[in-house]
Number of protein chains: 2
Amino acid sequence: MATVTDKMAQLETACREHGLPLTVQRRTILEVLADRTDHPTADQVWEAVQERMPGVSRTTVYRVLDAFVRLRLAVKAPHTGQSVRFDPRTERHHHLVCVECDRVLDLESPVLDGIRLPDTKRLGFRADDFSIHVRGVCADCRRRNR
Amino acid sequence: MATVTDKMAQLETACREHGLPLTVQRRTILEVLADRTDHPTADQVWEAVQERMPGVSRTTVYRVLDAFVRLRLAVKAPHTGQSVRFDPRTERHHHLVCVECDRVLDLESPVLDGIRLPDTKRLGFRADDFSIHVRGVCADCRRRNR
DNA sequence: CTGCCTGCAAACGATTTGCACCAGC
DNA sequence: GCTGGTGCAAATCGTTTGCAGGCAG
């Protein structure tokens with residue numbers, strides 16, 4: 001699993017390759033995102049960024065997160081709600097999604113990683129990767145339900 | 001796979017059990033949704049409903065779709081964008097998601113349906129069901145790319 | 001210097017809410 | 001008739017865009 005340091009190195013490389021400036025905002029936003037495993041929305045990232053660097057605008061956070069996705073430093077995580085969620089982990093992994101509170105937890109499983117997908121070429125679809133989306137109820141919600 | 005007729009029967013039963021009125025709007029919206037396999041947004045459902053029954057308000061479509069989810073006549077489908085998508089299929093099935101146009105296609109596979117999930121109890125998570133989310137590029141986008 | 005980036009404010013798209021009226025049972 | 005449903009307009013939430021000035025290379 002990539003560390004925050006690894007991620008920063010990836011950012012430097014990506015910016016250099018694409019001739020893009022390496023701004024302090026991009027550094028800070030990536031530090032915040034790389035640190036989290038809860039698949040935050042752009043607004044949640046913005047809130048966390050405020051603590052380290054007050055004054056960064058929401059707009060910048062939205063734009064920078066979008067740039068991270070294009071540069072493959074992050075991906076948009078599957079969710080069932082109305083705000084886009086970002087995930088700094090670009091390797092294959094899976095998700096436990098709480099249907100009550102919408103929390104998204106990572107699920108590690110080499111067995112699931114190795115699943116062979118059925119052929120989708122007859123549908124004309126080129127499959128690049130996959131992830132498993134497990135629906136259920138998280139520990140906190142189960143406790144709260146009692 | 002449930003037919004439109006099956007779905008209507010489910011709606012009647014669900015309304016009776018919960019003591020809820022069976023309105024023409026609910027019938028119409030369910031007819032429209034049950035007919036589609038493209039995981040439409042609420043707005044897309046509203047557009048289609050307009051053709052059969054002009055005058056139904058967006059608000060009603062949003063509220064009714066929400067009710068369908070509570071009554072388990074539909075589910076919210078995993079997606080990576082910013083509008084909620086609805087799926088009339090409540091049985092286990094999987095999705096092919098185009099990263100270029102956001103289209104969502106159903107993927108049938110008894111083999112995938114039978115996958116044994118790893119134990120998530122040690123995380124305190126109660127797993128109820130799962131689906132596989134395949135990322136890639138659909139036939140139309142591949143054609144368009146050339 | 002020059003181009004891309006940032007912040008601000010306004011626009012936009014998706015969804016929810018308050019309220020008065022209407023329709024199933 | 002009573003209860004919950006519907007439509008409308010306004011409010012709210014999440015996100016994007018246009019523009020003027022600022023900073024990295």
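**Contacts with DNA strand D and between the chains**

Me: A backbone N or O atom of A:Val84 sits 2.8 Å from a phosphate oxygen of DNA strand D. Why is this called a polar contact?

Reply: A polar contact is a pair of N or O atoms within 3.5 Å (within protein, one must be able to donate a hydrogen and the other to accept it, and residues adjacent in sequence count only if both atoms are side-chain atoms). At 2.8 Å, the A:Val84 pair therefore qualifies. Before we go on: this is a predicted model, with pLDDT of at least 70 needed for local features and 80 or more for side-chain atom pairs, while totals for chains, interfaces and linings use all residues. Residues are numbered from 1 along each chain as its sequence is written, chains are lettered from A and ligands numbered from 1 in the order written, and side-chain values use heavy atoms, without hydrogens and water.

Me: Which other phosphate pairs pass, such as those of A:Tyr62 and B:Ser57?

Reply: The side chain of A:Tyr62 has an N or O atom 2.8 Å from a phosphate oxygen of DNA strand D. For B:Ser57, a polar backbone atom is 3.3 Å from one, so that pair passes too.

Me: What makes a residue count as near DNA strand D?

Reply: One of its heavy atoms must lie within 4 Å of the strand. The strand is surrounded by 19 residues, the closest being A:Tyr62, B:Thr23, B:Arg26, B:Thr60 and B:Arg63. On the DNA side, 71% of the atoms within 4 Å of the protein belong to sugar or phosphate. Helix α4(B) gives the most to this surface, four residues.

Me: How do you know that A:Leu30 is buried?

Reply: Buried means under 20% relative accessible area (1.4 Å probe, protein chains only). A:Leu30 is one of the buried residues of helix α2 (24-34) of chain A, along with A:Ile29 and A:Leu33 among others, so its value is under 20%. The cover over α2(A) includes α1 (4-18), α3 (42-52), α4 and β2 (85-87) of chain A.

Me: How many salt bridges does the rule find between chain A and chain B?

Reply: Zero. A salt bridge needs a side-chain nitrogen of Lys or Arg within 4 Å of a carboxyl oxygen of Asp or Glu, so no pair across this interface satisfies the rule. There are, however, 15 residue pairs in polar contact, both at pLDDT 80 or more. On the side of chain A that touches chain B, β5(A) gives the most, twelve residues.

Conventions:
Helices (H or I, at least four residues) and strands (E, at least two) are DSSP runs, numbered from the N terminus. Buried means under 20% relative accessible area, exposed over 50%, partly exposed in between (1.4 Å probe, protein chains only). Contact means heavy atoms within 4.5 Å.
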